[in-house]
Amino acid sequence: YLSLSEIEQLKEAIKDNFLVNLFIDLSLQTGGRFETILHIQKKDMNLASGTVTLKNLKTKSTYTGYLQKEFLESIKEYLQKLNVNDYVVSFEDAHDTKLTQRQIQHRIKPLLDKLFNKGLDTKDAKNRAVIHTFRHTFASHLAINGIPIYTIKELMNHSKIEQTFRYAKLSPQNGIDAIQGLYR
């Protein structure tokens, strides 16, 4: 998962790219899978409640994601320009067309490679930052912030808690901090 400083580094690198910024913000705030984020349409966004209806394409079901107020405020004007069935993450001249994974991957992978994957073998799936890393980042930062594991399970729309345990990792500092106060 990405640390807070790595997230800041990434956000700085994409600040002038609205499309990539939008995709990454939605990913980091919902923990949605790649295709889930690409399937979000304007009708799925509820500015009043701060929620987004997410599609779980594995189970062909939907679940609710929650978005930060600052983010919603920053995209309010953009959303007003979209038609109800338009895709939120889309090209400026084709909001009615869902982007492919390749179209986003092509924009984000080189950035992740440059920022976080220098010197790593391309087959090193454990240590390489990839788009799915945003899902792990979401779960891990919830855990780091003390959110109960069953809440994380629901937010990630996992059917089994064992799946959530694979995603929600604590930072090394959390372990250090936990042990320092032990037995005192």
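Let me start with one residue, Ser-140, which sits in helix 6, the helix spanning residues 133-144. Keep in mind that this is a predicted model. Is Ser-140 buried or exposed? Ser-140 is buried, because its relative accessible area is 1% and the cut-off for buried is under 20%. Leaving aside residues up to four places away in sequence, Ser-140 touches Tyr-1, Tyr-167, Ala-168 and Lys-169.

Next, helix packing. Two packed helices are described by the angle between their axes and the distance between the axes. I have two pairs to show.

The first pair is helix 2, residues 18-30, and helix 4, residues 69-80. Their axes are 12 Å apart, and the packing angle is about 140°. That makes helix 2 oblique to helix 4, because the roughly antiparallel class takes angles over 145 degrees. The crossing of helix 2 past helix 4 is left-handed. Which residues meet there? From helix 2 there are Phe-18, Leu-22, Asp-25, Leu-26 and Gln-29. On the side of helix 4 they meet Phe-71, Ile-75 and Tyr-78. By type, the residues of this contact are 6 nonpolar, 1 polar and 1 charged.

The second pair is helix 1 and helix 5. Here the axes come within 11 Å and cross at roughly 130°. Helix 1 is therefore oblique to helix 5. This crossing is right-handed. Helix 1 brings Glu-6, Gln-9, Leu-10, Ala-13 and Ile-14 to the contact, and helix 5 brings Leu-111, Leu-112, Leu-115 and Phe-116. The contact residues of helix 1 with helix 5 divide into 7 nonpolar, 1 polar and 1 charged.

Now the charged side chains. Side chains of opposite charge can pair when their charged atoms come close. How many salt bridges does the structure hold? There are 8 salt bridges, and I will go through some of them.

Take Lys-11 and Asp-25, whose side chains meet in a salt bridge at 2.4 Å, N to O. Lys-11 belongs to helix 1, residues 4-14, and Asp-25 to helix 2, so this pair ties together parts that are 14 residues apart in sequence. We have already met Asp-25, in the contact of helix 2 with helix 4. Asp-25 is buried, with 15% relative accessible area. Lys-11 is partly exposed, at 25%.

Another salt bridge joins Lys-98 and Glu-35, with the closest N and O atoms 3.0 Å apart. What does this pair tie together? Lys-98 lies in the loop between helix 4 and helix 5, and Glu-35 lies in helix 3, residues 34-38, so the parts tied together are 63 residues apart in sequence. Lys-98 counts as partly exposed, at 26% relative accessibility. Glu-35 also counts as partly exposed, at 22%.

The last salt bridge I will show is within helix 5. Asp-113 pairs with Lys-109, and their closest N and O atoms are 2.6 Å apart. Both residues lie in helix 5, 4 residues apart, which is about one turn of the helix. Salt bridges that share partners join Lys-109, Asp-113 and Arg-128 into one network. Lys-109 is partly exposed, with a relative accessible area of 38%.

To recap, Ser-140 is buried in the predicted model. Helix 2 passes helix 4 in a left-handed crossing, while helix 1 and helix 5 cross in a right-handed one. The salt bridges number 8, among them Lys-11 with Asp-25.

Technical notes:
Residues are numbered from 1 along each chain as its sequence is written. This is a predicted model: local features need pLDDT of at least 70, side-chain atom pairs count only at pLDDT 80 or more; totals for chains, interfaces and linings use all residues. Side-chain values use heavy atoms; hydrogens and water are left out. Axes are lines fitted to C-alpha atoms, for helices over the stretch in contact, and angles run from 0 to 180 degrees between N-to-C directions. Helices (H or I, at least four residues) and strands (E, at least two) are DSSP runs, numbered from the N terminus. Angles under 35 degrees count as roughly parallel, over 145 as roughly antiparallel, 65 to 115 as roughly perpendicular and the rest as oblique. A crossing is left-handed if the near helix is turned anticlockwise from the far one by less than a right angle, and right-handed if clockwise. Contact means heavy atoms within 4.5 Å. Ala, Val, Leu, Ile, Met, Phe, Trp, Tyr, Cys and Pro count as nonpolar, Asp, Glu, Lys and Arg as charged, and the others, Gly among them, as polar. Buried means under 20% relative accessible area, exposed over 50%, partly exposed in between (1.4 Å probe, protein chains only). A salt bridge is a side-chain nitrogen of Lys or Arg within 4 Å of a carboxyl oxygen of Asp or Glu.
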